[in-house]
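Welcome, and take a moment to look around before reading on. The report below is a short guided tour for someone meeting this structure for the first time.

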Amino acid sequence: MKSENQKFQLRPYTIAELSDIYGVSKKTFRKWLDPFQNEIGIRNGFFYSVKQVQVIIDKLGVPTMLDLDEAA
């Protein structure tokens with residue numbers, strides 16, 4: 001079980017990691033990203049860059065499991 005206030009480090013993430021953070025399947029997470037693909041851009045290999053992760057957080061909101069005080 002996930003801790004409610006896990007520390008979030010702004011770094012490159014895979015779809016699997018991000019979908020786990022948001023608590024949804026990879027398929028659902030990809031559907032959530034579809035409307036923002038132009039703003040997010042193309043992944044570098046399997047990873048979204050730090051800038052892309054920031055755009056994703058800006059668009060989808062902060063996952064409830066994150067403690068933003070620790071992320072800053």
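## Salt bridges

A good place to begin is with charged side chains: the structure holds 2 salt bridges, a salt bridge being a side-chain nitrogen of Lys or Arg within 4 Å of a carboxyl oxygen of Asp or Glu. Side chains of opposite charge can pair when their charged atoms come close. Please keep in mind that this is a predicted model, in which local features need pLDDT of at least 70, side-chain atom pairs count only at pLDDT 80 or more, and totals for chains, interfaces and linings use all residues. Residues are numbered from 1 along each chain as its sequence is written, and side-chain values use heavy atoms, with hydrogens and water left out.

The table lists both bridges.

| Salt bridge | Closest N and O atoms |
|---|---|
| Arg11 with Glu17 | 3.4 Å |
| Glu39 with Lys59 | 2.8 Å |

What does the pair of Glu39 and Lys59 tie together? Glu39 belongs to helix H3 (residues 37-40) and Lys59 to helix H4, so their bridge joins parts that are 20 residues apart in sequence. Helices here are DSSP runs of H or I with at least four residues, strands are runs of E with at least two, and both are numbered from the N terminus.

How open are these four residues to the surroundings? Buried means under 20% relative accessible area, exposed means over 50%, and partly exposed lies in between (1.4 Å probe, protein chains only). Glu39 is partly exposed at 47%, and Lys59 is partly exposed at 34%. In the other bridge, Arg11 is partly exposed with a relative accessible area of 28%, and Glu17 is partly exposed with 29%.

## Charges over rings

Arg11 has another partner: it lies over the face of Tyr13, at 4.0 Å from the ring centre. A charge sits over a ring if NZ of Lys or CZ of Arg is within 6 Å of the ring centre and within 35 degrees of the ring normal. Elsewhere, the charged end of Arg43 is placed over the ring of Tyr48, 5.7 Å from its centre.

## The chain as a whole

Now step back. The protein chain has 5 helices and 2 strands, and along the sequence they follow the pattern β-α-α-α-β-α-α. Of its 72 residues, 29% count as buried. The chain exposes about 5100 Å², and carbon and sulfur atoms supply 51% of that area; accessible areas come from the Shrake-Rupley method with a 1.4 Å probe, and for residues only the protein chains shown count as cover.

Contact means heavy atoms within 4.5 Å. Among contacts in the protein chain with a separation of 6 or more, 62% come from residues 24 or more positions apart.

## Helix H1 and its neighbours

Which residues of helix H1 (residues 15-22) are buried? They are Ile15, Leu18, Ser19, Ile21 and Tyr22. These residues cover an arc of only 160 degrees around the axis, which puts them on the same side of H1; the arc is that of the directions from the helix axis to the C-beta atoms. They pack against strand E1 (13-14), H2, strand E2 (47-48) and helix H4 (50-60). Just after H1, Gly23 takes a positive phi of about 75 degrees.

Strand E1 includes Thr14, which is buried with a relative accessible area of 17%. Leaving out residues up to four places away in sequence, Thr14 touches Phe46 and Phe47. In the segment before E1 we find Gln9, which is exposed at 54% relative accessible area. Gln9 and Val50 are 41 residues apart in sequence and 9.8 Å apart in space, C-alpha to C-alpha.

## An aromatic cluster

Finally, a search of the whole structure finds 3 aromatic pairs. Rings of Phe, Tyr and Trp (its six-membered ring) pair if their centres lie within 6.5 Å; planes under 30 degrees apart count as stacked, over 60 as edge-to-face and the rest as tilted. The rings of Tyr22 and Phe29 have centres 5.6 Å apart and planes at 40 degrees, so this pair is tilted. The rings of Phe29 and Trp32 have centres 6.5 Å apart and planes at 55 degrees, so that pair is tilted.

Phe29 and Trp32 both lie in helix H2 (residues 26-33), 3 residues apart, about one turn of the helix. Phe29 is buried, with a relative accessible area of 0%, whereas Trp32 is partly exposed at 35%. Tyr22, Phe29 and Trp32 form one aromatic cluster.
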